[in-house]
Amino acid sequence: MKRLLILGFGVASYLVFLAAFLYAIGFVGGFVVPHTVDSGITSSTGEAVVVNLVLLSVFAAQHSVMARPAFKRRWTRWVPVATERSTYVLLSSLALFLLYWQWRTMPAVVWHVETPSGRWALWVLFWLGWATVLAATFMISHFDLFGLRQVYLAWRQQPYRELGFRTVLLYRVVRHPIMLGFIIAFWATPMMTVGHLLFAIVTTVYILVAVQLEERDLVASMGDRYLSYRRRVAMLVPWPHRHAGGSTPPLRRHAA
């Protein structure tokens with residue numbers, strides 16, 4: 001029964017994540033979903049800035065603090081190790097739903113691209129960004145990244161083992177293709193409002209800080225192996241490799 005509960009919790013957490021991810025596409029793109037970055041709750045400008053910054057900070061704090069190894073060691077004293085990743089995924093998704101629900105609209109237009117070719121180019125970039133995010137998760141291990149592999153192995157009563165190092169596709173070009181995809185998706189829009197701009201700036205700053213924290217943890221755990229990879233491959237902006245061969249990039253254990 002305990003193993004079934006662990007498996008059920010992991011599957012449910014993944015489904016909540018999937019809903020949050022799909023909603024994010026509509027939220028940023030401004031279509032299908034009821035609340036978007038440009039059609040949230042109406043309020044004064046001052047209230048909108050404060051509330052939106054608080055919402056973004058809640059997500060950033062949860063997403064980064066729970067991803068740190070020191071927090072995980074303490075957290076797993078209270079929750080089963082097999083559900084640690086699923087719990088992280090679930091809470092991150094709930095933080096996103098809170099943001100979608102309470103986001104304040106800031107409708108003033110910063111730029112508006114009216115030419116058909118320009119609009120098409122930006123929409124292509126928008127979808128390319130989201131496709132990069134999703135594809136990059138499968139280039140490492142999508143089901144491990146979102147906790148399904150852990151709960152499946154617990155259900156099978158098999159020990160969990162790290163998947164190790166991988167050099168695959170986009171990870172040969174940039175060290176953080178998931179984060180690169182998010183940045184592209186957040187900024188590629190034919191009409192940039194003040195609210196969307198606030199969202200894009202804060203999330204980009206968060207990403208730049210978060211990858212530094214992640215890399216600090218990776219260097220601490222991998223040492224020279226990760227340092228070698230970092231010297232060869234750009235962080236977010238694709239540049240040619242400095243030299244061929246060498247060690248391969250580590251599997252991302254979190255996307256913080």
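A polar contact is a pair of N or O atoms within 3.5 Å, where within protein one atom must be able to donate a hydrogen and the other to accept it. The exercises below use this cut-off and a few others, and they concern a predicted model.

**Exercise 1.** Describe the surroundings of Thr193, starting from its place in the secondary structure.

Solution. Begin with the element: Thr193 belongs to strand β2, which covers residues 191-193. Next take the accessibility: the relative accessible area of Thr193 is 2%, and since buried means under 20%, Thr193 is buried. Then examine the side chain, which makes a polar contact of 2.4 Å with the side chain of Asp38, a distance that falls within the 3.5 Å limit. Finally, list the contacts beyond four places in sequence: Thr193 meets Asp38 again, together with Met106, Pro107, Ala108, Val109 and Val110.

**Exercise 2.** Test whether the end-to-end distance of helix α1 agrees or disagrees with the span expected at 1.5 Å a residue.

Solution. Helix α1 runs over residues 2-29 and so holds 28 residues. The expected span is 1.5 Å times one less than the number of residues, which comes to 40 Å for α1. The end C-alpha atoms of α1 lie 41 Å apart in the model, and the two values therefore agree. After the helix comes Gly30, which has a positive phi, near 80°.

**Exercise 3.** Identify which residues of the largest nonpolar core touch the most other members, and which helices supply the core.

Solution. The largest nonpolar core has 53 residues, of which Phe27, Leu99, Trp130, Ile178, Phe182 and Phe199 touch the most other members. At least two residues of this core come from each of α1, α2, α4, α5, α8, α9 and α10, and α1 gives the most, with eight residues. To look closer at one of these residues, take Phe27, whose contacts beyond four places in sequence are Val33, His35, Thr36, Val37, Leu99, Tyr100, Trp103 and Phe199. Another core, of five residues, lies apart from the largest one, and its members include Ile6, Leu7, Ala82 and Ala154.

**Exercise 4.** Classify the aromatic pair of Phe31 and Phe126 from its geometry, and say which parts of the chain the pair ties together.

Solution. The count of aromatic pairs comes to 28. For Phe31 and Phe126 the ring centres are 6.2 Å apart and the planes stand at 75°; because planes over 60 degrees apart count as edge-to-face, this pair is edge-to-face. Phe31 lies in the loop between α1 and α2, whereas Phe126 lies in helix α5, so the pair ties together parts that are 95 residues apart in sequence. The accessibilities complete the picture: Phe31 is partly exposed at 27%, while Phe126 is buried at 0%. The pair of Phe138 and Phe143 is also edge-to-face, with 6.1 Å from centre to centre and 85° between the planes; here Phe138 is partly exposed at 47%, and Phe143 is partly exposed at 42%.

**Exercise 5.** Find the helix content of residues 48-66 and of residues 169-188.

Solution. An unreviewed UniProt entry places the feature "transmembrane region" at several spans, including residues 48-66 and 169-188. In the model, residues 48-66 are 95% helix and 0% strand, with end C-alpha atoms 27 Å apart. Residues 169-188 are 55% helix and 0% strand, and their end C-alpha atoms lie 23 Å apart.

Terms used: Residues numbered from 1 in each chain as written. Predicted model: local features only at pLDDT ≥ 70, side-chain atom pairs only at ≥ 80, totals over all residues. Heavy atoms only, no water. Helix = DSSP H or I, 4+ residues; strand = E, 2+ residues; numbered from the N terminus. Buried < 20%, exposed > 50% of the residue type's maximum accessible area, 1.4 Å probe, protein only. Contact = heavy atoms within 4.5 Å. Core = buried A, V, L, I, M, F, W, Y, C linked by side-chain atoms within 4.5 Å. Phe/Tyr/Trp six-rings, centres within 6.5 Å; stacked < 30°, edge-to-face > 60°. UniProt positions renumbered as here; feature names shortened; annotations may be inferred.
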